[in-house]
Amino acid sequence: YGIAVSDHFAYVADGEDGLRIVDIGDPSSPTEIGFYDTGDWAIDVAISGGKAYVADYDDGLRIIDVSVPSSPVEVGSYDTGSHAEGVAISGSYAYIADWGDGLRVIDVSDPTTPFEAGNFDTGGNAKGVAVLGHYAYVADYTDGVRIIDITNPISPSELSFYDTGDRANNLAISNSKVYVADYDDGLRVIDVSDPSSPLETGFY
């Protein structure tokens, strides 16, 4: 499933096996040094401030302290309501792709007591999310990519969308390009230099 890298550790969302922490200081010989049973099905993970934020399907958001990677410990959790499938962190907010419940915005300024600050019904089934600047980009399965203005995280609103053609399952963003895993339609590359007018520039 998902993976995040911080320093010389890889944090792996490993489905029913929870969160696995792997030392990749020597890439030719990775070694697991810690793990945490998240309770359900770990699908995605993001790292920020010594915490691992895990999208744990029916168990919502799990917040794991990984400041000592060999001894991870849960410090907080939040039931997102549907199936937490993607997570991104920006500032003091966790943005959750929550399947039929769309985008959930969770205030994690105090990781021990997370609470929902806002939400947006994306219309489809939110599978993945990435955040850049004032926008959250949501892989919304059969509804393509939704671009959500999160300037005010308490009241997110849709700016635009792009129909990828098949089922947008996950995405990543770099240099104003959104790279979408689109099932049978492969990799779609969407230019979002103007987020109000996304444009496909390539595919594979």
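Me: What links Asp-56, Asp-59, Arg-62 and Glu-74?

Reply: Asp-56, Asp-59, Arg-62 and Glu-74 are joined in a network of salt bridges, a salt bridge being a side-chain nitrogen of Lys or Arg within 4 Å of a carboxyl oxygen of Asp or Glu. This is a predicted model, in which local features need pLDDT of at least 70 and side-chain atom pairs count only at pLDDT 80 or more, while totals for chains, interfaces and linings use all residues. Residues are numbered from 1 along each chain as its sequence is written, and side-chain values use heavy atoms, with hydrogens and water left out.

Me: Why is the contact of Arg-62 with Asp-59 called a salt bridge?

Reply: The N to O distance between the side chains of Arg-62 and Asp-59 is 3.2 Å, and this pair therefore meets the 4 Å limit. By this rule the count comes to twelve salt bridges.

Me: Is Arg-62 called buried or exposed?

Reply: Arg-62 has 14% relative accessibility and counts as buried, a word kept for values under 20%, with exposed meaning over 50% and partly exposed in between (1.4 Å probe, protein chains only). Its partner Asp-59, with a relative accessible area of 30%, is partly exposed.

Me: Which parts of the chain does the pair of Arg-167 and Asp-184 tie together?

Reply: Arg-167 forms a salt bridge with Asp-184, the closest N and O atoms being 3.8 Å apart. Arg-167 lies in the loop between strand 16 (157-162) and strand 17, and Asp-184 in the loop between strand 18 and strand 19, so the pair ties together parts that are 17 residues apart in sequence; strands here are DSSP runs (E, at least two residues), numbered from the N terminus. Arg-167 is partly exposed at 25%, whereas Asp-184, at 67%, is exposed.

Me: What makes the link between Arg-20 and Glu-32 a salt bridge?

Reply: The closest N and O atoms of Arg-20 and Glu-32 are 3.0 Å apart, which means that the distance criterion is met. The pair links distant parts of the chain, with Arg-20 in strand 3 (residues 19-23) and Glu-32 in strand 4 (residues 31-36), twelve residues apart.

Me: How do you know that strand 18 and strand 19 pair?

Reply: Two strands pair if DSSP finds at least two bridges between them, and strand 18 (residues 177-181) and strand 19 (residues 187-191) have five bridges in the antiparallel sense, so the condition is satisfied. Within strand 19, Arg-188 stands opposite Val-180. These strands belong to an open sheet of four strands in the order 17-18-19-20, with antiparallel pairing.

Me: Why are strand 9 and strand 12 said to stand at the edges?

Reply: Another open sheet of four strands has the order 9-10-11-12, again with antiparallel pairing. Strand 9 (86-90) and strand 12 (115-120) each have a single partner strand, so one side of each is left without a neighbour in the sheet. Strand 9 is joined to strand 10 (residues 93-97) by five bridges, and the bridge partner of Ser-90 in strand 10 is Tyr-93.

Me: Why does Ser-77 count as partly exposed?

Reply: The relative accessibility of Ser-77 is 38%, and Ser-77 therefore counts as partly exposed. Ser-77 has its place in strand 8 (residues 73-78). Leaving aside residues up to four places away in sequence, Ser-77 touches Leu-61, Arg-62 and Pro-114, contact meaning heavy atoms within 4.5 Å. The C-alpha atoms of Ser-77 and Pro-114 are separated by 6.8 Å, although these residues are 37 residues apart along the chain.
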